[in-house]
Amino acid sequence: FIQMLHSAKKRDVLQLLRSAPEDMSAFIVEAAVAAQSVASLAALSDFLDFSKEPRSLLEKFLYAAAFSPRPSGALLCLILDKLDGKQLAPEIWETGIAAVGSLVGKLCQQKLCGLQEVERGVEIILRGLRGAEEESEVIVYLLALGNAMLPETIPALLDHAEEGPAAVSTVAISSLQQFPAQHISSKVKRAMRRIFHEKRKSYEKTCRLAAAEILLDNHPLPMDVINILLATNEMEREMAKFLLLKVQDSLQAHHHPARKIMKDIMGDPRINNYNFFSKVGISSSFSGPLTATQDLLSTFGLDLLFLEGGFLRKSISEFSLLSHGRQLRAAQVTLEAQGMESMMGENISDGEEEPELMAGMSVTFFNVQLRPIIFFQGYTDLIAKVLLSSGEPTSVVKGNFLLMDHQQVIPLQSGLQVTIKLQGGLGLDISADMDVSIWEQELKSSIDTRGSLAMDFQAELDSPFLQATMRSQTEVETSIHFDTMLRFSSTPVLMCLQLRKEQVPYR
């Protein structure tokens, strides 16, 4: 379909979009974004009315743009024009700003940072961040900076990480985690030390743990590792348990940048002893390989941080790909629930501000952070959601995306030429649900991830006296379900975790 759109005229694409049945219009929009021809982008510009179109169709358009492997300046310009000066639904505006950040970052990776559209996109994000008054607005602009990964925006992220309220600080540190190791400078590390060791003020535990992760994952200094380990003696039980397991897990991972330093430090019996590492707690951190070849390592990681009373504070499930020193966060789903302890009459830690009752999730897919999903915020909202719940899971992202579209001509020694074409597409559906039953005193969460990958490879030799074509088509489908259930009607809190993976057809 994309190959057909490459040669289609604007009026043909526009007629396709306008006459398509409702269940097909999203597919055609995604294909038109993937084609990125002058005609298809012009047709999209005429067809999409951000004040009238259904929200689901606009979100699909913005996601398709955000995940585009090699976007053009024209695609970014189209989105900026559609967002400019209009009264939009909050979800569309948030998704649009996150998409702008992603496109800016990918264009800069193509050495196109000097484009007028890129400079305009960066200015919109930075100006919006400076003028944002609502916490939710600040969070969206910080996510966009994380997607853009521009080194010159690191000072703004550091400022919000150190000075912002808990939710803002968490997102700023999460955005800093997106940057490759060469941009985690000594200035960044100094700020992370101040946050972790609480030099200036008290920080929420998830902020401190994220700061520790940045220090441990980016060519750490031996003193940083030692200080983090020693600090666990002063921490509350679950936080200390989580951090110690994080360190032990990095010792098992051959690819971890801190592994050699960790091994050297573990030679000191004052640190590597039973008393130090036998902290009691139910929090956990685990990662392990799914597949390993000479060129590629894919890993699955699961982090579970609990509160002292046994409530799940945060869970992170992550699939990563590592190849030749570069890491791609293929999928990371984070579930958060805060303020539960105060609802059940438990005390919060000294020096920590009382968190608002909230549950939500955030997703990073192919290094693109999507807008956060809030299940409920505040006690009144929780009661309303419990009473009016439809029972339907919340869709996080659903659509079809082009992963690669590569064409190359290779001259052979014989004087003949071979044309190589490689296309890869991904169909994705991630949904999540969190259900809190106050009467049953249960908290259930589920994340469903379904995906299908299609690859089309063609090599063609064409000359006046010889024609030969070799073609390969590959399809993979997979489905992974991650469920958690907490029952906090008695002590200790009962918990059930289930990771279900269906059979993977490979054709």
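**Contacts, rings and strands in a predicted model**

Arg-371 touches Glu-59, Tyr-63, Glu-91, Glu-94, Thr-95 and Leu-143, leaving out residues up to four places away in sequence; contact here means heavy atoms within 4.5 Å. The structure is a predicted model, in which local features need pLDDT of at least 70, side-chain atom pairs count only at pLDDT 80 or more, and totals for chains, interfaces and linings use all residues. Residues are numbered from 1 along each chain as its sequence is written, and side-chain values use heavy atoms, with hydrogens and water left out.

Arg-371 sits in the loop between strand 6 (368–369) and strand 7 (373–377). Helices (H or I, at least four residues) and strands (E, at least two) are DSSP runs, numbered from the N terminus. The relative accessible area of Arg-371 is 13%, so the residue is buried; buried means under 20% relative accessible area, exposed over 50%, and partly exposed in between (1.4 Å probe, protein chains only). Two of its neighbours are also polar partners: the side chain of Arg-371 makes a polar contact of 3.2 Å with that of Glu-59 and one of 3.3 Å with that of Thr-95. Such a contact is a pair of N or O atoms within 3.5 Å; within protein, one must be able to donate a hydrogen and the other to accept it, and residues adjacent in sequence count only if both atoms are side-chain atoms.

Tyr-63, which Arg-371 touches, also brings the aromatic rings into view. Rings of Phe, Tyr and Trp (its six-membered ring) pair if their centres lie within 6.5 Å, with planes under 30 degrees apart counted as stacked, over 60 as edge-to-face and the rest as tilted. By this rule the count comes to 8 aromatic pairs. Tyr-63 and Phe-67 form a stacked one, at 6.4 Å centre to centre and 25° between the planes. Tyr-63 is buried because its relative accessibility is 6%, and Phe-67 is buried because its value is 5%. Ring pairs join Tyr-63 and Phe-67 with Phe-365, Phe-366 and Phe-401 in a cluster.

Phe-67 leads on to Lys-106, a residue of helix 7 (residues 90–109). Beyond neighbours within four places in sequence, Lys-106 is in contact with Ala-66, Phe-67, Ser-68, Pro-69, Pro-71 and Val-368. Its side chain reaches the backbone oxygen of Ser-68 at 3.1 Å. Lys-106 has 15% relative accessibility and therefore counts as buried.

Two loop residues deserve a look for their backbone angles. Most residues other than glycine have a negative phi. Asn-367, in the loop between strand 5 (358–365) and strand 6, nevertheless has a positive phi of about 65°. Glu-198, in the loop between helix 12 (186–196) and helix 13 (205–217), has a positive phi near 55°. Asn-367 is partly exposed, because its relative accessibility is 21%; Glu-198 is partly exposed, because its value is 29%.

Further along the chain, strand 8 (residues 394–411) and strand 9 (residues 417–437) run antiparallel and are joined by 16 bridges; two strands pair if DSSP finds at least two bridges between them. They form a hairpin with 5 residues between them, and Gly-415 in the turn has a positive phi of about 100°. Strand 9 is also antiparallel to strand 10 (residues 442–462), with 20 bridges joining them. Val-418 is the bridge partner of Ile-410, and Leu-461 in strand 10 is the bridge partner of Val-418.
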